[in-house]
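Let's take a walk around a few spots in this protein. Have the structure open so you can follow along.

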Amino acid sequence: MLDIKKIRRQPDWFKEKLATRGTKPEEIDEVLDLDAKRRDLLQQTETMKAKRNAVSKQIGDAKRANKPADDIIAQMRDLGDQISKLDEQVEKVEEEFHDKMSRLPNVPHKDDPVSLTEEGAIELRKVGHIRDFDFEPKHHWDVGENLGILDFDRARKVSGARFVYYLGLGAQLERAVYNFMLDEHMKEGYTEVLPPYIVNAASMFGTGQFPKFKDGVYQVNGEDMTLIPTAEVPLTNYYRGEVIPEEELPVKVTALTPCFRSEAGAAGRDTRGLIRMHQFNKVEMVKYTKPEDSWKALDSMTANAENILKKLEIPYHVIRLTTGDMSFTASETRDLELWMPAQHKYREVSSCSNCLDFQARRMHTQYRGKDGKLHYVHTLNGSGLACGRTVAAILENNQNEDGSVTIPKVLVPYMHGVTKITKENAVPFRNKH
RNA sequence: GGAGAGUUGGCAGAGUGGUAAUGCAUCGGACUCGAAAUCCGACGAACCCAUGUUGAAUGGGCGCGCAGGUUCGAAUCCUGUACUCUCCUCCA
């Protein structure tokens with residue numbers, strides 16, 4: 001949520017900034033109109049209420065003194081009616097105002113590449129080297145299905161499209177991946193959290209998914225509950241409505257959770273493989289910081305995500321997203337994209353964002369500074385990393401000509417010493433004869 | 001799922017229709033070499049509006065879990081609802 005007082009003061013600056021994200025200038029004008037209307041009505045109703053309070057006091061005094069007050073009470077009845085009519089208008093205007101305000105995206109950082117599409121993203125760095133295959137690398141879904149560790153067909157039968165069964169060493173590989181990630185983040189000072197996977201609408205509002213992006217999520221039928229599309233929601237809402245003790249800042253948390261997304265509007269895209277699922281695991285990082293610390297915190301969070309890919313020896317690059325491609329709440333976003341040799345392109349595996357006070361305003365999350373005053377915290381979130389896509393990248397990058405997959409060195413201890421997934425060791429129940 | 005009890009300021013805790021006691025904590029001051037104790041004073045979340053300021057406030061609104069209702073007036077009465085606790089039921 002943006003600060004209406006700032007918008008009032010410099011509407012043109014906001015129009016210009018938000019235009020780079022696809023917000024029409026009229027949307028700002030609407031907000032300002034509603035704000036003016038709201039304040040006008042408030043002044044009227046508050047004047048009346050002040051009068052009512054004063055007269056009510058007189059009535060109270062009269063009653064206590066056993067004096068008649070019927071004539072004043074009759075007058076006040078009329079005033080009461082006027083107030084409630086006015087209050088109805090106020091409520092209506094405020095509701096509309098709030099709705100429009102909560103649909104305005106965050107202001108992009110001044111150095112964000114300006115573009116309404118994803119074209120124009122800046123490549124910040126390229127890391128690791130891309131393997132030269134002396135055979136035609138297979139897609140990860142073929143690698144996985146050939147080994148028997150991924151079963152999309154039966155998932156389709158049991159659940160539907162965009163679901164998968166991992167089996168045997170495939171399931172273990174995913175588990176190794178997220179255990180490794182969590183351990184790495186804990187070394188960096190993040191506290192591990194196991195949050196709820198279902199949250200209420202207030203939480204979805206707090207992190208910015210509601211009201212604008214209701215389509216993307218699974219809603220529990222008839223209830224005020226949503227399956228989390230990312231652990232960002234329960235992690236960031238942890239302190240919703242609270243004042244964080246200053247000495248606790250910065251707070252750094254990490255969590256492995258499944259993420260549920262309806263993928264409405266993505267029909268036909270990435271229909272095969274692990275890239276775009278209705279349910280996937282992700283290790284998320286969330287930080288709460290003081291305003292002056294958030295940009296450094298974004299750097300270190302990005303480094304924490306990169307650390308995982310470096311140690312897994314997966315080639316990747318880091319890009320800075322355009323104004324039009326960033327998530328609604330972000331002021332700056334850096335994506336990590338890992339190399340998928342069969343697709344011959346980079347695919348997103350992490351998104352690290354600084355939301356400044358945008359979410360904190362929605363959630364009313366503050367801290368009391370040394371000046372004794374309350375300040376909004378800054379919130380950051382980043383994937384560290386999406387597990388399914390990481391597994392996909394391992395299957396593609398580490399595949400061998402005979403169809404086996406070499407386990408990255410750092411994961412071998414997590415695989416109980418297994419260094420390679422082969423048809424023979426992949427899924428024990430298939431090899432019993 | 002059923003029954004009951006509860007939810008008031010940072011904390012504790014009064015208040016059953018007349019507009020939120022009190023204590024602790026906090027902040028300022030006095031006393032003191034200093035501190036504690038004591039005394040005096042201030043302060044009751046956040047938010048919103050107006051005038052003003054840009055680290056100055058002042059006035060008003062709102063405010064007793066939340067949302068409605070009754071009333072001239074609601075912490076107080078009514079309805080719904082969330083959460084907490086206890087018991088029953090169920091369950092991993």
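## E263, tucked in

In this predicted model, E263 has a relative accessible area of 18%. The cut-off for "buried" is under 20%, so E263 counts as buried. You'll find E263 in the loop between β8 and β9.

What does E263 touch, if you skip its neighbours within four places in sequence? The list is R162, G216, R276, M277 and H278.

## The annotated site

UniProt, in an unreviewed entry, marks a "binding site" feature at R261, S262, E263, E348, V349, S350 and S351. So E263 is on that list, and S262 is there too.

## S262, next door

S262 sits in the loop that runs between β8 (251-260) and β9 (279-289). Is S262 buried or exposed? Its relative accessible area is 17%, and since anything under 20% is called buried, S262 is buried.

Leaving out residues up to four places away in sequence, S262 touches D215, G216, V217, Y218 and H278. With D215 we can be more specific: a polar atom of the S262 side chain lies 2.8 Å from the backbone oxygen of D215.

## H278, a shared contact

H278 turns up in the contact list of E263 and in that of S262. H278 lies in the loop between β8 and β9, and with a relative accessible area of 13%, H278 is buried.

Which side chain makes a polar contact with the side chain of H278? It's the one of Y218, at 3.0 Å. The H278 side chain also has a polar atom 3.4 Å from the backbone oxygen of S262. Setting aside neighbours within four places in sequence, H278 is in contact with A161, R162, F163, Y218, C259, F260, R261, S262 and E263.

## A pocket to look at

Now for some empty space. Rolling a probe the size of a water molecule over the atoms shows where such space is left. The second largest pocket holds about 290 Å³. It is lined by 17 residues, and the closest to its centre are L312, E313, I314, P315 and N398.

Which helix gives the most to this lining? That's α10 (residues 294-312), which supplies three residues. As for chemistry, the lining of the second largest pocket splits into eight nonpolar, five polar and four charged residues.

Key
Residues numbered from 1 in each chain as written. Chains lettered and ligands numbered in written order. Predicted model: local features only at pLDDT ≥ 70, side-chain atom pairs only at ≥ 80, totals over all residues. Heavy atoms only, no water. UniProt positions renumbered as here; feature names shortened; annotations may be inferred. Helix = DSSP H or I, 4+ residues; strand = E, 2+ residues; numbered from the N terminus. Buried < 20%, exposed > 50% of the residue type's maximum accessible area, 1.4 Å probe, protein only. Contact = heavy atoms within 4.5 Å. Polar contact = N/O pair within 3.5 Å; in protein donor to acceptor, adjacent residues only side chain to side chain. 1 Å grid on protein atoms, 1.4 Å probe; cavity = no way out; pocket = protein on both sides within 12 Å on 5 of 7 lines; lining within 4 Å. Points joined across faces, edges and corners; volume = space filled by probe spheres on them. Nonpolar A, V, L, I, M, F, W, Y, C, P; charged D, E, K, R; others polar.
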